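Student: Hey, can you walk me through this protein? I'd like to know how its strands and its core are put together.

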Amino acid sequence: MGAATWLWVLSAPASVYLDDAPPPMRRWELGRLTAVAPLMVEQGRLLVVDLIEREQPSCRHLRVRWQDRFWPTHRAGEALRAWMPVQLESPIGPAPLWVECDGVKRRIEVQIQDIVPKLSRHKPRGRPGRAALRVLRRFGEPPLDRVRRESLAIGRAFANASRERLWTEQFLRPAAGVDTSAFGAVRTFRGRRSVHEGLDIAGGATDAVYAANDGRVILVADDYFFIGNAVVIDHGEGLLTLYLHLETSVVRQDQMVKRGEPLGTIGNTGRVTGPHLHFAVRYRGRYVDPNDVLRFDPARPLPDALAAEFLTPDRLIPDAKPYLSKND
(Lines give C-alpha, C1' and ligand atoms only; values in the text may rest on other atoms or scores of the structure.)
Protein backbone atom coordinates (compact mmCIF):
# COMPACT_ATOMS: atom_id res chain seq x y z
CA MET A 1 0.00 0.00 0.00
CA GLY A 2 1.14 3.59 -0.45
CA ALA A 3 2.86 4.73 2.74
CA ALA A 4 4.54 7.86 3.87
CA THR A 5 8.15 8.88 3.40
CA TRP A 6 9.05 5.54 1.96
CA LEU A 7 12.61 5.03 0.78
CA TRP A 8 12.73 2.17 -1.61
CA VAL A 9 15.61 0.26 -3.15
CA LEU A 10 15.07 -1.72 -6.31
CA SER A 11 17.35 -4.60 -7.16
CA ALA A 12 18.42 -4.68 -10.80
CA PRO A 13 19.54 -8.13 -11.94
CA ALA A 14 19.04 -9.05 -15.59
CA SER A 15 15.40 -9.74 -16.34
CA VAL A 16 14.48 -13.36 -16.91
CA TYR A 17 12.47 -12.50 -20.01
CA LEU A 18 11.21 -9.40 -21.77
CA ASP A 19 8.09 -7.70 -20.40
CA ASP A 20 6.26 -7.96 -23.71
CA ALA A 21 7.10 -11.62 -24.35
CA PRO A 22 5.91 -14.77 -22.61
CA PRO A 23 8.40 -16.88 -20.66
CA PRO A 24 9.97 -19.91 -22.35
CA MET A 25 7.68 -22.95 -22.26
CA ARG A 26 8.05 -26.70 -22.35
CA ARG A 27 5.64 -29.59 -22.94
CA TRP A 28 5.53 -32.67 -20.69
CA GLU A 29 3.66 -35.90 -21.46
CA LEU A 30 1.57 -37.29 -18.63
CA GLY A 31 -0.52 -40.31 -19.54
CA ARG A 32 -3.52 -38.95 -21.43
CA LEU A 33 -2.43 -35.36 -20.81
CA THR A 34 0.13 -32.96 -22.23
CA ALA A 35 1.19 -30.30 -19.73
CA VAL A 36 2.35 -26.91 -21.04
CA ALA A 37 4.23 -24.95 -18.39
CA PRO A 38 6.88 -22.21 -18.17
CA LEU A 39 10.46 -23.18 -17.45
CA MET A 40 10.91 -20.24 -15.09
CA VAL A 41 8.87 -17.72 -13.13
CA GLU A 42 9.74 -14.81 -10.83
CA GLN A 43 8.79 -14.48 -7.18
CA GLY A 44 5.37 -12.91 -6.80
CA ARG A 45 4.31 -13.74 -10.33
CA LEU A 46 1.46 -15.90 -11.60
CA LEU A 47 2.32 -19.44 -12.69
CA VAL A 48 -0.13 -20.64 -15.37
CA VAL A 49 -0.22 -24.23 -16.63
CA ASP A 50 -2.36 -25.73 -19.42
CA LEU A 51 -3.26 -29.42 -19.33
CA ILE A 52 -4.31 -30.61 -22.78
CA GLU A 53 -6.30 -33.83 -23.05
CA ARG A 54 -4.79 -35.92 -25.84
CA GLU A 55 -6.86 -39.05 -25.29
CA GLN A 56 -10.28 -40.01 -24.00
CA PRO A 57 -11.64 -40.67 -21.50
CA SER A 58 -10.46 -37.58 -19.68
CA CYS A 59 -8.99 -37.70 -16.18
CA ARG A 60 -11.54 -38.59 -13.56
CA HIS A 61 -9.20 -37.50 -10.77
CA LEU A 62 -6.93 -34.60 -11.68
CA ARG A 63 -4.78 -32.87 -9.08
CA VAL A 64 -2.28 -30.04 -9.45
CA ARG A 65 0.05 -29.31 -6.53
CA TRP A 66 2.33 -26.31 -6.16
CA GLN A 67 4.09 -24.96 -3.07
CA ASP A 68 2.36 -27.45 -0.75
CA ARG A 69 -1.17 -26.65 -1.92
CA PHE A 70 -3.59 -28.16 -4.43
CA TRP A 71 -4.97 -25.75 -7.03
CA PRO A 72 -8.21 -25.91 -9.03
CA THR A 73 -8.44 -26.03 -12.82
CA HIS A 74 -10.97 -24.48 -15.17
CA ARG A 75 -11.80 -25.05 -18.82
CA ALA A 76 -9.86 -22.86 -21.28
CA GLY A 77 -10.58 -23.91 -24.85
CA GLU A 78 -9.14 -27.39 -25.35
CA ALA A 79 -7.17 -27.27 -22.12
CA LEU A 80 -7.73 -27.42 -18.38
CA ARG A 81 -5.92 -24.41 -16.93
CA ALA A 82 -4.47 -23.89 -13.46
CA TRP A 83 -3.50 -20.52 -11.95
CA MET A 84 -0.96 -20.62 -9.13
CA PRO A 85 0.64 -17.67 -7.33
CA VAL A 86 4.36 -17.81 -6.62
CA GLN A 87 4.95 -16.58 -3.08
CA LEU A 88 7.16 -13.49 -2.79
CA GLU A 89 9.29 -15.23 -0.17
CA SER A 90 9.79 -18.35 -2.30
CA PRO A 91 13.38 -19.68 -2.27
CA ILE A 92 15.32 -19.07 -5.46
CA GLY A 93 15.98 -22.23 -7.47
CA PRO A 94 14.11 -25.22 -8.86
CA ALA A 95 10.66 -25.95 -7.44
CA PRO A 96 8.43 -28.97 -8.15
CA LEU A 97 5.02 -28.70 -9.77
CA TRP A 98 3.15 -32.00 -9.44
CA VAL A 99 0.39 -33.05 -11.85
CA GLU A 100 -1.54 -36.26 -11.17
CA CYS A 101 -4.05 -37.87 -13.56
CA ASP A 102 -5.85 -40.97 -12.26
CA GLY A 103 -2.88 -42.03 -10.19
CA VAL A 104 -0.23 -41.24 -12.81
CA LYS A 105 1.98 -38.52 -11.32
CA ARG A 106 4.53 -36.30 -13.05
CA ARG A 107 7.00 -33.82 -11.56
CA ILE A 108 7.51 -30.64 -13.56
CA GLU A 109 10.47 -28.54 -12.48
CA VAL A 110 10.00 -24.77 -12.58
CA GLN A 111 12.92 -22.45 -11.87
CA ILE A 112 11.98 -19.64 -9.44
CA GLN A 113 13.90 -16.42 -10.11
CA ASP A 114 14.43 -13.25 -8.09
CA ILE A 115 11.67 -10.71 -8.60
CA VAL A 116 12.76 -7.81 -10.80
CA PRO A 117 10.69 -4.67 -10.06
CA LYS A 118 10.24 -2.80 -13.30
CA LEU A 119 9.94 0.85 -12.20
CA SER A 120 9.45 3.21 -9.31
CA ARG A 121 8.67 6.93 -9.54
CA HIS A 122 7.89 9.67 -7.08
CA LYS A 123 4.18 10.36 -6.75
CA PRO A 124 2.87 13.94 -6.89
CA ARG A 125 2.23 15.60 -3.57
CA GLY A 126 -1.27 15.92 -2.17
CA ARG A 127 -3.32 19.06 -1.66
CA PRO A 128 -1.93 21.51 0.95
CA GLY A 129 -5.27 21.62 2.80
CA ARG A 130 -4.70 18.11 4.06
CA ALA A 131 -1.14 18.66 5.26
CA ALA A 132 -1.87 18.16 8.98
CA LEU A 133 -3.75 14.90 8.40
CA ARG A 134 -1.02 13.62 6.09
CA VAL A 135 1.70 14.38 8.67
CA LEU A 136 -0.20 12.45 11.35
CA ARG A 137 -0.70 9.49 9.07
CA ARG A 138 2.90 9.50 7.85
CA PHE A 139 4.80 9.88 11.10
CA GLY A 140 2.36 9.09 13.92
CA GLU A 141 1.88 5.75 15.58
CA PRO A 142 -1.10 3.87 14.14
CA PRO A 143 -4.13 3.79 16.47
CA LEU A 144 -3.97 0.10 17.31
CA ASP A 145 -7.62 -0.41 18.30
CA ARG A 146 -8.82 1.22 15.11
CA VAL A 147 -6.34 -0.65 12.93
CA ARG A 148 -7.35 -3.94 14.58
CA ARG A 149 -11.07 -3.28 13.91
CA GLU A 150 -10.40 -2.37 10.31
CA SER A 151 -8.17 -5.40 9.80
CA LEU A 152 -10.93 -7.67 11.11
CA ALA A 153 -13.41 -6.05 8.71
CA ILE A 154 -11.05 -6.63 5.79
CA GLY A 155 -10.52 -10.24 6.85
CA ARG A 156 -14.28 -10.84 7.06
CA ALA A 157 -14.69 -9.44 3.56
CA PHE A 158 -11.97 -11.70 2.17
CA ALA A 159 -13.64 -14.70 3.84
CA ASN A 160 -16.94 -13.80 2.17
CA ALA A 161 -15.58 -14.38 -1.34
CA SER A 162 -17.45 -16.60 -3.79
CA ARG A 163 -16.28 -20.01 -4.99
CA GLU A 164 -18.04 -19.47 -8.30
CA ARG A 165 -16.08 -17.95 -11.19
CA LEU A 166 -17.63 -14.55 -12.01
CA TRP A 167 -15.42 -13.35 -14.89
CA THR A 168 -14.66 -14.60 -18.40
CA GLU A 169 -12.89 -11.79 -20.31
CA GLN A 170 -9.50 -10.08 -20.12
CA PHE A 171 -8.95 -7.77 -17.15
CA LEU A 172 -9.07 -4.00 -17.67
CA ARG A 173 -6.38 -1.66 -16.40
CA PRO A 174 -8.41 0.25 -13.77
CA ALA A 175 -7.08 3.79 -14.35
CA ALA A 176 -5.41 5.84 -17.06
CA GLY A 177 -2.46 7.30 -15.14
CA VAL A 178 1.19 6.38 -15.33
CA ASP A 179 2.63 3.68 -13.04
CA THR A 180 4.61 5.17 -10.15
CA SER A 181 5.62 2.17 -8.06
CA ALA A 182 5.96 -1.43 -9.13
CA PHE A 183 4.88 -4.63 -7.46
CA GLY A 184 7.80 -6.05 -5.49
CA ALA A 185 9.52 -2.72 -4.75
CA VAL A 186 11.43 -2.93 -1.46
CA ARG A 187 10.67 -0.04 0.89
CA THR A 188 11.89 1.08 4.31
CA PHE A 189 9.68 3.06 6.69
CA ARG A 190 10.65 3.84 10.29
CA GLY A 191 13.43 1.27 10.09
CA ARG A 192 11.22 -1.55 8.81
CA ARG A 193 11.50 -3.10 5.36
CA SER A 194 8.46 -4.19 3.40
CA VAL A 195 7.66 -5.33 -0.11
CA HIS A 196 5.11 -3.44 -2.17
CA GLU A 197 2.25 -5.86 -2.90
CA GLY A 198 0.45 -3.85 -5.57
CA LEU A 199 0.79 -1.43 -8.46
CA ASP A 200 0.58 2.33 -7.87
CA ILE A 201 -1.03 4.45 -10.61
CA ALA A 202 -0.78 8.24 -10.45
CA GLY A 203 -3.78 10.52 -10.82
CA GLY A 204 -5.96 13.21 -9.29
CA ALA A 205 -9.31 13.45 -7.55
CA THR A 206 -11.24 13.73 -10.84
CA ASP A 207 -9.61 10.70 -12.47
CA ALA A 208 -11.97 7.74 -12.66
CA VAL A 209 -11.23 4.27 -11.33
CA TYR A 210 -12.96 1.37 -13.11
CA ALA A 211 -13.74 -2.22 -12.19
CA ALA A 212 -11.06 -4.44 -13.68
CA ASN A 213 -13.56 -7.21 -14.41
CA ASP A 214 -16.99 -8.58 -13.56
CA GLY A 215 -17.57 -9.38 -9.92
CA ARG A 216 -19.21 -8.51 -6.62
CA VAL A 217 -18.23 -5.70 -4.25
CA ILE A 218 -17.33 -7.31 -0.93
CA LEU A 219 -15.89 -4.26 0.84
CA VAL A 220 -16.41 -0.51 0.69
CA ALA A 221 -13.98 0.97 3.23
CA ASP A 222 -14.69 4.41 4.65
CA ASP A 223 -11.41 6.18 5.44
CA TYR A 224 -9.55 3.24 6.97
CA PHE A 225 -6.28 4.29 8.55
CA PHE A 226 -3.93 2.57 6.10
CA ILE A 227 -6.00 2.08 2.92
CA GLY A 228 -8.29 5.14 3.16
CA ASN A 229 -11.42 4.94 1.06
CA ALA A 230 -11.24 1.62 -0.75
CA VAL A 231 -13.20 -0.95 -2.73
CA VAL A 232 -12.59 -4.70 -2.97
CA ILE A 233 -14.16 -6.78 -5.75
CA ASP A 234 -14.59 -10.55 -5.62
CA HIS A 235 -14.23 -12.17 -9.06
CA GLY A 236 -14.82 -15.69 -7.77
CA GLU A 237 -12.63 -18.75 -7.25
CA GLY A 238 -10.51 -16.85 -4.73
CA LEU A 239 -9.56 -13.96 -7.06
CA LEU A 240 -9.92 -10.44 -5.63
CA THR A 241 -8.95 -6.97 -6.86
CA LEU A 242 -8.33 -4.09 -4.44
CA TYR A 243 -8.61 -0.36 -5.19
CA LEU A 244 -7.11 1.70 -2.37
CA HIS A 245 -6.71 5.39 -1.37
CA LEU A 246 -9.78 6.54 -3.36
CA GLU A 247 -11.12 10.08 -3.08
CA THR A 248 -14.68 8.89 -3.57
CA SER A 249 -16.46 5.58 -4.14
CA VAL A 250 -19.75 5.19 -6.00
CA VAL A 251 -20.55 1.52 -5.35
CA ARG A 252 -22.15 -0.26 -2.43
CA GLN A 253 -21.56 -3.46 -0.52
CA ASP A 254 -22.72 -6.63 -2.38
CA GLN A 255 -23.28 -4.72 -5.64
CA MET A 256 -22.59 -6.72 -8.80
CA VAL A 257 -20.36 -4.76 -11.16
CA LYS A 258 -19.33 -5.20 -14.78
CA ARG A 259 -15.88 -4.72 -16.26
CA GLY A 260 -15.35 -1.00 -16.88
CA GLU A 261 -18.03 0.16 -14.43
CA PRO A 262 -16.92 3.24 -12.43
CA LEU A 263 -15.96 2.57 -8.82
CA GLY A 264 -14.91 6.07 -7.79
CA THR A 265 -11.99 8.45 -8.27
CA ILE A 266 -8.29 8.41 -7.45
CA GLY A 267 -7.56 9.98 -4.09
CA ASN A 268 -5.17 10.82 -1.29
CA THR A 269 -6.79 8.97 1.62
CA GLY A 270 -5.16 6.66 4.13
CA ARG A 271 -1.42 6.51 4.79
CA VAL A 272 -0.07 7.85 1.49
CA THR A 273 2.53 10.24 0.09
CA GLY A 274 0.21 11.74 -2.51
CA PRO A 275 -2.80 11.04 -4.73
CA HIS A 276 -2.65 7.70 -6.51
CA LEU A 277 -4.47 4.41 -6.92
CA HIS A 278 -2.95 1.37 -5.23
CA PHE A 279 -4.25 -1.53 -7.33
CA ALA A 280 -3.67 -5.03 -5.95
CA VAL A 281 -4.57 -8.56 -7.01
CA ARG A 282 -5.03 -11.25 -4.37
CA TYR A 283 -5.47 -14.87 -5.43
CA ARG A 284 -6.40 -17.43 -2.78
CA GLY A 285 -4.73 -15.49 -0.02
CA ARG A 286 -1.58 -14.48 -1.88
CA TYR A 287 -0.78 -11.22 -3.67
CA VAL A 288 0.51 -11.46 -7.23
CA ASP A 289 1.86 -8.93 -9.70
CA PRO A 290 -1.23 -7.14 -11.10
CA ASN A 291 0.42 -6.85 -14.51
CA ASP A 292 0.39 -10.64 -14.84
CA VAL A 293 -3.39 -10.60 -14.54
CA LEU A 294 -3.82 -7.47 -16.70
CA ARG A 295 -1.78 -9.00 -19.52
CA PHE A 296 -3.54 -12.36 -19.35
CA ASP A 297 -5.90 -13.20 -22.23
CA PRO A 298 -8.16 -16.11 -21.21
CA ALA A 299 -9.15 -16.74 -24.84
CA ARG A 300 -5.61 -17.68 -25.95
CA PRO A 301 -3.60 -20.84 -25.35
CA LEU A 302 -0.20 -20.77 -23.68
CA PRO A 303 2.21 -19.14 -24.12
CA ASP A 304 0.36 -16.34 -25.94
CA ALA A 305 -2.18 -16.04 -23.11
CA LEU A 306 0.52 -14.51 -20.91
CA ALA A 307 1.52 -11.65 -23.21
CA ALA A 308 -1.66 -9.87 -24.28
CA GLU A 309 -1.66 -6.13 -24.91
CA PHE A 310 -3.00 -4.10 -21.99
CA LEU A 311 -6.71 -3.35 -22.20
CA THR A 312 -6.77 0.31 -21.16
CA PRO A 313 -9.86 2.37 -20.21
CA ASP A 314 -9.81 4.48 -23.39
CA ARG A 315 -10.13 1.30 -25.51
CA LEU A 316 -13.29 0.18 -23.73
CA ILE A 317 -15.00 3.27 -22.27
CA PRO A 318 -16.02 6.10 -24.65
CA ASP A 319 -15.39 9.04 -22.28
CA ALA A 320 -12.32 7.64 -20.48
CA LYS A 321 -9.10 9.62 -20.35
CA PRO A 322 -6.39 8.47 -22.79
CA TYR A 323 -4.00 5.99 -21.23
CA LEU A 324 -0.64 7.43 -20.18
CA SER A 325 2.28 5.08 -20.74
CA LYS A 326 5.49 5.27 -18.71
CA ASN A 327 7.09 7.02 -21.70
CA ASP A 328 4.57 9.89 -21.80
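Tutor: Sure, one term to start with: two strands pair if DSSP finds at least two bridges between them. Strands (E, at least two residues) and helices (H or I, at least four) are DSSP runs, numbered from the N terminus. Keep in mind that this is a predicted model, where local features need pLDDT of at least 70, side-chain atom pairs count only at pLDDT 80 or more, and totals for chains, interfaces and linings use all residues. Residues are numbered from 1 along each chain as its sequence is written, and side-chain values use heavy atoms, leaving out hydrogens and water.

Student: Okay. In what sense do strand 3 and strand 5 pair, and over how many bridges?

Tutor: Strand 3 (residues 33-38) pairs with strand 5 in the antiparallel sense, over four bridges. Within that pairing, Ala-35 has Leu-51 of strand 5 as its bridge partner.

Student: What holds paired strands together, in general?

Tutor: Strands of a sheet pair through backbone hydrogen bonds, parallel or antiparallel.

Student: Which sheet has strand 3 and strand 5 in its order?

Tutor: An open sheet of five strands, ordered 2-3-5-9-8, with antiparallel pairing. Its edge strands are strand 2 (25-30) and strand 8 (73-76), each pairing on one side only. From one strand to the next, the twist averages 30° (axes are lines fitted to C-alpha atoms, for helices over the stretch in contact, and angles run from 0 to 180 degrees between N-to-C directions).

Student: New topic. How many helices and strands are in the protein?

Tutor: The protein has four helices and 23 strands.

Student: And disulfides, how many does a search find?

Tutor: One, in a search of the whole structure (a disulfide here is a pair of cysteine sulfur atoms within 2.5 Å). Cys-59 is joined to Cys-101, with 1.8 Å from S to S. The link of Cys-59 and Cys-101 is left-handed, with -100° about the S-S bond. Distant parts of the chain are linked, as the pair is 42 residues apart: Cys-59 sits in the loop between strand 5 (46-53) and strand 6 (62-66), and Cys-101 in strand 10 (residues 93-101).

Student: Are those cysteines buried or exposed?

Tutor: Cys-59 is buried, at 16% relative accessible area, and Cys-101 is buried too, at 5%. Buried means under 20% relative accessible area, exposed over 50%, and partly exposed in between (1.4 Å probe, protein chains only).

Student: What does strand 10 pair with?

Tutor: Strand 6 and strand 10 run antiparallel and are joined by five bridges, with Val-64 opposite Val-99 in strand 10. Strand 10 also runs antiparallel to strand 11 (residues 104-113), joined by nine bridges. There, Cys-101 has Val-104 of strand 11 as its bridge partner. The hairpin of strand 10 and strand 11 has two residues between the strands, and Asp-102 takes a positive phi near 50°.

Student: Cool. Which residues touch the most other members of the largest nonpolar core?

Tutor: Trp-66, Trp-83, Met-84, Tyr-243 and Leu-277, in a core of 57 residues. Strand 5 gives the most to this core, with five residues. Apart from it lies another core of 19 residues, among them Phe-183 and Tyr-224. A nonpolar core is a set of buried Ala, Val, Leu, Ile, Met, Phe, Trp, Tyr and Cys residues joined through side-chain atoms within 4.5 Å.

Student: And how much of the protein counts as buried?

Tutor: Of its 328 residues, 54% count as buried.
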